[in-house]
Amino acid sequence: MNPLLPEMPESVAAAFDSIPVGAAERLLAVRAIAYGVAEGIPETGGLKEYTAWGEPSLRPVNNKVGSAIRLGMQPDGTPAMFVHCGTPLISEFRFVASHLSYEGKRAVLLAEDTHFPEAELAQLIELVFTHYLRK
């Protein structure tokens with residue numbers, strides 16, 4: 001584990017342990033990006049890390065600031081970063097990073113055989129964590 005990242009709650013660590021190694025590495029990288037992004041947005045108050053639908057999830061500690069991300073797998077085994085499908089976030093993501101792969105209104109796909117879009121994910125996570133601030 002990265003010593004600069006907080007220790008995961010047991011339920012989150014168990015959720016990551018249940019993900020295949022290659023996919024888990026990608027999703028752990030997204031977790032690290034999320035903590036880096038949140039550090040630059042004081043309004044978040046940090047991140048709350050928990051499981052939703054048995055998958056690792058992160059959201060701002062402070063309410064009415066932003067939305068959550070969930071890190072998990074598509075049914076076909078593709079790792080993905082999920083957002084609340086009732087928000088326009090995926091539409092915003094497509095505008096910012098049209099070259100990435102998406103699933104409907106709920107996920108950015110992070111296939112293991114593709115370039116890992118670190119810079120784009122940081123931008124996208126910032127949009128998620130500031131969603132309500134920008135409304």
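How many bridges join strand β3 to strand β4? In this predicted model, the count is five, linking residues 69-73 of β3 with residues 79-83 of β4 in an antiparallel run. Within this pair, Arg-70 sits across from Phe-82 of β4.

Zooming out, β3 and β4 belong to an open sheet of six strands, ordered β1-β2-β3-β4-β6-β5 and paired antiparallel. The two ends of that order are taken by β1 (47-52) and β5 (101-103); each has a single partner strand, so one side of each is left without a neighbour in the sheet. From one strand to the next, the twist averages 25°.

Over at the β1 edge, six bridges tie β1 to β2, again with the strands running antiparallel. Ala-52 has Glu-55 in β2 as its bridge partner. The hairpin that these two strands form leaves two residues between them, and here Trp-53 adopts a positive phi near 55°.

Then there are the helices. Helix α3, made up of residues 89-96, lies across β4, β5 and β6 (107-109), and its direction is at about 120° to β4. Helix α4 (residues 118-129) also packs on the sheet, where it touches β1, β2 (55-60), β3, β4 and β6. Measured against β4 in direction, α4 comes out at about 25°. Strand β4 is thus a handy reference for the whole arrangement: β4 pairs with β3 through five bridges, lies under the span of α3 and is among the strands that α4 touches.

Conventions. Residues are numbered from 1 along each chain as its sequence is written. This is a predicted model: local features need pLDDT of at least 70, side-chain atom pairs count only at pLDDT 80 or more; totals for chains, interfaces and linings use all residues. Side-chain values use heavy atoms; hydrogens and water are left out. Two strands pair if DSSP finds at least two bridges between them. Helices (H or I, at least four residues) and strands (E, at least two) are DSSP runs, numbered from the N terminus. Axes are lines fitted to C-alpha atoms, for helices over the stretch in contact, and angles run from 0 to 180 degrees between N-to-C directions. Contact means heavy atoms within 4.5 Å.
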